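Here is a set of short exercises to help you find your way around a new structure. Try each task on your own first, then compare your steps with the worked solution.

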Amino acid sequence: MDMEKKKSLLLSTDLKMSMGKLKMIELLEEKRKNKKVPIVLTGKSCGLFGPTNIIRRVCKWTVENKYYDSIVLALIGISTILLTLDNPLNDENGSFAVTLKEIDLFMTIAFTLECVINVITKGFVLNGPGSYLKDSWNILDFLIVVFSLVSLAAVNLDLEILKVFRMLR
């Protein structure tokens, strides 16, 4: 199936674009162009991690691993499905709601870890044109992680509006 057919299939199934669908389109486009270029470590990431730093090299190896994008996509898909299962009418203390909250915590930790690994590898903002926040997809990912962390920190406050931002994942 060629790229245009895949895009039209993804776009035609639902008018609402989920983060998972958008990320899938991005990855399919990258594969089509065979655009996956190796990351060149330059400067000091976050002012701490130079190009030869072992932590930064391990993060680079992780990001360039052939399974990395597939694992992130799988997590996005699972997260999207779980967010559709979350219902305000569910009993907050019931086993289903408690399980969803625990899985949401795991997903937030996983996406935060993905963000941290990418920031250490590429630098946050001031590490040249390849810096993490120089890519619009990464800006969106970063904002979603921040809103997810804020919603977990504010669990005792009634801030249901933050769940809307988590759905962008």
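**Exercise 1. A patch on the surface**

Task: Find which residues form a nonpolar patch on the surface, and say where Ile54 is found.

Solution: Keep in mind that this is a predicted model.
- Step 1. The nonpolar patch consists of Ile54, Ile55 and Val58, which together have about 270 Å² of accessible area.
- Step 2. Ile54 belongs to helix α3, which covers residues 54-64.
- Step 3. To count as exposed, a residue needs over 50% relative accessible area. Ile54 has 52%, so it is exposed.

**Exercise 2. The two faces of α3**

Task: Work out which residues of α3 are buried, and how they are placed around the axis.

Solution:
- Step 1. The buried residues in α3 are Arg56, Cys59, Lys60 and Val63.
- Step 2. These residues span an arc of only 100° around the axis, so they sit on the same side of α3.
- Step 3. Now look at the face turned away from this buried side: Ile54 and Trp61 are the exposed residues there.
- Step 4. Finally, ask what the buried residues of α3 pack against: the partners are α4 and α5.

**Exercise 3. Inside the core**

Task: Describe the largest nonpolar core and say which helix gives the most to it.

Solution:
- Step 1. The largest nonpolar core is made up of 20 residues.
- Step 2. The residues with the most contacts inside this core are Val63, Tyr68, Leu75, Met107, Phe111, Cys115 and Ile117.
- Step 3. At least two residues of the core come from each of α3, α4 (68-85) and α5 (95-122).
- Step 4. With eight residues, α5 gives the most to this core.

**Exercise 4. One salt bridge**

Task: Locate the salt bridge and describe how its two partners are placed.

Solution:
- Step 1. The structure has one salt bridge. Its partners are Glu64 and Lys60, whose closest N and O atoms are 3.1 Å apart.
- Step 2. Both partners lie in helix α3; they are four residues apart, or about one turn of the helix.
- Step 3. Compare their surroundings: Lys60 is among the buried residues of α3, whereas Glu64 is partly exposed, with a relative accessible area of 31%.

**Exercise 5. Far in sequence, together in space**

Task: Find out how far Ile120 is from Cys59, in sequence and in space.

Solution:
- Step 1. Ile120 is located in helix α5.
- Step 2. A residue counts as buried under 20% relative accessible area. Ile120 has 12%, so it is buried.
- Step 3. Along the sequence, Ile120 and Cys59 are 61 residues apart, yet their C-alpha atoms are 6.8 Å apart in space.
- Step 4. Leaving out residues up to four places away in sequence, Ile120 touches Ser45, Phe49, Ile55, Arg56 and Cys59.
- Step 5. Try the same with Leu83, a residue of helix α4. Leu83 is buried, with a relative accessible area of 17%. The C-alpha atoms of Leu83 and Asp104 are separated by 8.6 Å, while the two residues are 21 apart along the chain.

**Exercise 6. Two loop residues**

Task: Decide whether Ser131 is buried or exposed, and find what is notable about phi of Cys46.

Solution:
- Step 1. Ser131 is in the loop between α5 and α6 (136-153). Its relative accessible area is 2%, so Ser131 is buried.
- Step 2. Beyond its neighbours within four places in sequence, Ser131 is in contact with Lys122, Gly123, Phe124, Val125 and Leu126.
- Step 3. Cys46 lies in the loop between α2 (19-33) and α3. With 42% relative accessibility, Cys46 counts as partly exposed.
- Step 4. Most residues other than glycine have a negative phi. Phi of Cys46, in contrast, is positive, near 60°.

**Exercise 7. The whole protein**

Task: Sum up the protein by its helices, its buried share and its surface.

Solution:
- Step 1. The protein has seven helices and zero strands.
- Step 2. Of its 169 residues, 33% count as buried.
- Step 3. Take the contacts between residues at least 6 apart in sequence: 56% of them join residues at least 24 apart.
- Step 4. The accessible surface comes to about 11000 Å², and carbon and sulfur atoms account for 67% of this.

Note on methods
Residues are numbered from 1 along each chain as its sequence is written. This is a predicted model: local features need pLDDT of at least 70, side-chain atom pairs count only at pLDDT 80 or more; totals for chains, interfaces and linings use all residues. Side-chain values use heavy atoms; hydrogens and water are left out. Patches are made of residues with over 30% relative accessible area and no salt bridge: like charges are joined within 9 Å, nonpolar side chains (Val, Leu, Ile, Met, Phe, Trp, Tyr) within 5 Å. Accessible areas come from the Shrake-Rupley method with a 1.4 Å probe; for residues, only the protein chains shown count as cover. A salt bridge is a side-chain nitrogen of Lys or Arg within 4 Å of a carboxyl oxygen of Asp or Glu. Buried means under 20% relative accessible area, exposed over 50%, partly exposed in between (1.4 Å probe, protein chains only). A nonpolar core is a set of buried Ala, Val, Leu, Ile, Met, Phe, Trp, Tyr and Cys residues joined through side-chain atoms within 4.5 Å. The arc is that of the directions from the helix axis to the C-beta atoms. Contact means heavy atoms within 4.5 Å.
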